[in-house]
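Subject: A structure for you to explore

Hello,

Here is the structure I promised to pass on to you. Please open it beside this email and turn it around while you read.

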Amino acid sequence: QVQLVESGGGLVQAGGSLRLSCAASGRTFSSDAMGWFRQAPGKDREFVAGISGSGGITFYAGSVKGRFTISRDNTKNTVYLQMNSLKPEDTAVYYCAVKVSSGSYYYTLNYAYWGQGTQVTVSS
């Protein structure tokens, strides 16, 4: 049974930083591309960042590029999202997921095994 557990969310002032973690279990993690998504109240879930199984290829949404960094430690079965220079518009529930399709990193339909999410709130 695949399980993803996100942690590291919280309340931070604008300009601050947070580091999210996503701990995975139940499958051969190092062969899985992974993604981070977020969903704000009343909005669709949107792509934030993605990373290949080896960690050598990464993708970012334009709104976070240069501020967020996705990384992974396959020895710990964990994916990270370092978020710097946070803005109020980054406020959302952040989810990690396993990419199970060869399609684009940007679309939720290419992912399965979602975590329960972690709340990030950025105050102005």
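Here is a question to start with: in β8, which residue is the bridge partner of Asp73? The partner is Thr78. Before you look for the pair, please keep in mind that this is a predicted model.

**The whole chain**

Let me step back for a moment. The chain has 11 strands and 0 helices, so when you follow the elements from the N terminus you meet β-β-β-β-β-β-β-β-β-β-β. With a radius of gyration of 13 Å, close to the 14 Å that the globule rule gives for 124 residues, the chain is as compact as a globular protein of that length. Along the principal axes, the C-alpha atoms fill a box of roughly 40 × 25 × 25 Å.

How much of the chain is buried? Of its 124 residues, 44% count as buried. The surface that the chain exposes comes to about 6200 Å², and carbon and sulfur atoms supply 48% of that area. If you look at contacts with a separation of 6 or more, 56% of them are between residues 24 or more positions apart.

**Strand β8 and its partners**

Now back to β8, which covers residues 78-83. Of its 6 residues, 5 are buried, so the strand is largely enclosed by the rest of the structure. A residue counts as buried here when its relative accessible area is under 20%.

Which strands pair with β8? One of them is β3 (residues 18-25), which is joined to β8 in the antiparallel sense over 6 bridges. You can find this pairing by looking for Arg19, which stands opposite Gln82 in β8. Leu18 stands opposite another residue of β8, Met83. Strand β7 (residues 68-73) also runs antiparallel to β8, and 6 bridges join the two. The pair of Asp73 and Thr78 from my opening question belongs here.

Put these strands together and you get an open sheet of 4 strands, in the order β1-β3-β8-β7, with antiparallel pairing. Its edge strands are β1 (3-7) and β7, each of which pairs on one side only. On average, neighbouring strands of this sheet are turned by 15 degrees against each other, direction ignored. As background, strands of a sheet pair through backbone hydrogen bonds, either parallel or antiparallel.

**Two residues with positive phi**

β7 and β8 form a hairpin, with 4 residues between them. Asn77 is found in the loop between these two strands. Asn77 has a positive phi of about 50 degrees although it is not a glycine. Is Asn77 buried, exposed or partly exposed? Its relative accessible area is 28%, so Asn77 is partly exposed.

Tyr113 is another residue to look at, and you will find it in the loop between β10 (111-112) and β11. Its phi is near 60 degrees, a positive value in a residue other than glycine. Tyr113 counts as partly exposed, at 39% relative accessibility.

**The nonpolar core**

How many residues does the largest nonpolar core have? There are 33, and those with the most contacts inside this core are Trp36, Leu81, Met83 and Tyr94. The elements that give two or more residues to the core are β3, β4 (33-39), β5 (46-51), β7, β8, β9 (92-99) and β11. The largest share, 5 residues, comes from β9.

Tyr94 is a good residue to click on. Leaving aside its neighbours within four places in sequence, Tyr94 is in contact with a list of residues that includes Glu6, Leu20, Trp36, Phe68, Leu81, Met83 and Val120.

**The end of the chain**

Last, have a look at Ser124, which lies in the segment after β11 (118-123). Is Ser124 buried or exposed? With a relative accessible area of 88%, Ser124 is exposed. Leaving aside neighbours within four places in sequence, Ser124 is in contact with Ala14 and Pro88. Gly62 is 62 residues away from Ser124 along the chain, and the C-alpha atoms of the two are separated by 21 Å.

Enjoy exploring, and write back with any questions.

Best wishes

Methods:
Residues numbered from 1 in each chain as written. Predicted model: local features only at pLDDT ≥ 70, side-chain atom pairs only at ≥ 80, totals over all residues. Heavy atoms only, no water. Buried < 20%, exposed > 50% of the residue type's maximum accessible area, 1.4 Å probe, protein only. Pairing = 2+ DSSP bridges. Axes fitted to C-alpha atoms, helices over the stretch in contact; angles between N-to-C directions. Rg over C-alpha atoms; globule rule 2.2 N^0.38 Å. Contact = heavy atoms within 4.5 Å. Areas by Shrake-Rupley, 256 points an atom, 1.4 Å probe, with all protein chains shown as cover. Core = buried A, V, L, I, M, F, W, Y, C linked by side-chain atoms within 4.5 Å.
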